[in-house]
Amino acid sequence: MEGFLRFLICSILFSIISRAAAVDTIAPRQSIKNGETPVSSNGIFELGFFRPGSSNLYLGIWYKKPATGTVVWVAKRENPLSDGEGVLVLYPKGALALLNSTKGVIWLSNTSRSAESPVAQPLDSGNLVVKHEKPENYPWQSFDYPSDTLLSGMKLGKNFKTGFDRFLSSWRSTDDPAPGQYSARIVTRGFPQLLIEKGSKIQHRVGPWNGNGFEMLTSYVKPNLITTHEYELNDEEVYYKYKVKESSVLVRYALNPSGI
């Protein structure tokens with residue numbers, strides 16, 4: 001009996017320690033390093049360092065549930081951590097910084113707004129955000145800087161006043177996340193339309209919005225019970241985004257290295 005009680009107490013302590021370690025936020029001056037992976041609250045996405053089939057190390061977000069490991073976002077894709085070590089740290093005013101083994105700054109999140117009492121957190125949407133006292137007003141979010149994947153709630157489009165452009169760019173290859181040859185963006189020359197380009201050459205003209213979808217896609221993407229689609233064009237911006245109606249359904253649009 002004594003042995004069983006000792007085993008039971010140890011099991012409970014291990015469970016408490018495991019739950020305590022499975023934090024999903026990064027506080028100011030805290031950091032994560034290679035092997036540490038904060039997970040979104042419902043365990044859908046994971047943030048951490050990964051190697052996509054090479055010796056280079058990258059910071060990214062990938063699916064944890066289901067356990068496909070599919071990467072949906074990569075920070076500083078064109079400049080990997082070639083020395084194999086990395087640290088992500090949150091500064092007191094809300095800036096995220098990616099450091100190499102010598103503490104040199106490889107990447108700094110681009111934000112013009114400081115945050116009071118910030119925390120960084122991967123959300124169940126796949127969005128890495130810096131939050132402060134206004135929970136839904138993020139000083140910085142990864143959704144503003146897409147890689148090759150468009151997730152539910154992410155905007156694809158352009159702000160006319162600032163010139164800020166949200167677009168997809170393919171990986172260079174299946175094991176190299178650096179920006180590849182292909183991009184998908186809403187082009188505002190003339191009436192806004194969605195184009196897939198290889199460099200500066202148009203590969204696919206998806207067309208303008210016709211009220212139900214992009215003209216060339218409406219024959220493929222039918223109204224359904226899974227997603228809703230939104231297109232906005234006003235004096236300030238043009239954008240497209242979709243939303244998944246049921247959180248248990250995972251949908252993503254990705255531009256692969258072949259431009260498909």
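Lys161 is exposed, because its relative accessibility is 63%. In this predicted model, the side chain of K161 meets that of E236 in a salt bridge, at 3.6 Å from N to O. Two loops are brought together by this pair: K161 sits in the loop between β12 (156–159) and β13, and E236 in the loop between β18 and β19, 75 residues apart. E236 itself counts as partly exposed, because its relative accessibility is 43%.

Let me stay with the loop that holds E236. Strands β18 (residues 227–233) and β19 (residues 237–244) run antiparallel and are joined by seven bridges. The connection between β18 and β19 is a hairpin of three residues. Within this pairing, T228 stands opposite K243 of β19.

I turn now to the salt bridges in general. Side chains of opposite charge can pair when their charged atoms come close. How many salt bridges does a search of the whole structure find? The number is nine.

One of these joins R166 and D144, with the closest N and O atoms 2.9 Å apart. R166 belongs to strand β13 (residues 165–166), whereas D144 is in the loop between β10 (140–141) and β11 (149–151); the pair thus links distant parts of the chain, 22 residues apart. Are these two residues buried or exposed? Both R166 and D144 are buried.

Strand β13 takes part in a further salt bridge, that of D165 with R185, where the closest N and O atoms are 2.9 Å apart. Because R185 lies in strand β15 (residues 176–187) and D165 in strand β13, this pair ties together parts that are 20 residues apart in sequence. The pair does not stand alone: D165, R185, R189 and E197 are joined into one network by salt bridges that share partners. R185 is partly exposed, since its relative accessible area is 21%.

Next, the nonpolar surface. Which residues make the nonpolar surface patch of about 260 Å²? They are Y91, V105 and L108. Y91 is located in the loop between β5 (87–90) and β6 (96–99). With a relative accessibility of 32%, Y91 counts as partly exposed.

For the chain as a whole, there are one helix and 20 strands. Of the 260 residues in the chain, 42% are buried. The chain exposes about 14,200 Å², and 54% of that area is supplied by carbon and sulfur atoms. Among contacts with a separation of 6 or more, 43% are between residues 24 or more positions apart.

Finally, a word on confidence. The chain has a mean pLDDT of 84, and 85% of its residues reach 70 or more. Which elements of the chain have the lowest and the highest mean pLDDT? Helix α1 (residues 2–21) has the lowest, at 35, and strand β4 (residues 71–74) the highest, at 97. Over residues 1–22, pLDDT stays under 50, and the model has zero contacts beyond four places in sequence for this segment.

How values were computed: Residues are numbered from 1 along each chain as its sequence is written. This is a predicted model: local features need pLDDT of at least 70, side-chain atom pairs count only at pLDDT 80 or more; totals for chains, interfaces and linings use all residues. Side-chain values use heavy atoms; hydrogens and water are left out. Patches are made of residues with over 30% relative accessible area and no salt bridge: like charges are joined within 9 Å, nonpolar side chains (Val, Leu, Ile, Met, Phe, Trp, Tyr) within 5 Å. Accessible areas come from the Shrake-Rupley method with a 1.4 Å probe; for residues, only the protein chains shown count as cover. A salt bridge is a side-chain nitrogen of Lys or Arg within 4 Å of a carboxyl oxygen of Asp or Glu. Helices (H or I, at least four residues) and strands (E, at least two) are DSSP runs, numbered from the N terminus. Buried means under 20% relative accessible area, exposed over 50%, partly exposed in between (1.4 Å probe, protein chains only). pLDDT is the predictor's confidence in each residue, from 0 to 100. Contact means heavy atoms within 4.5 Å. Two strands pair if DSSP finds at least two bridges between them.
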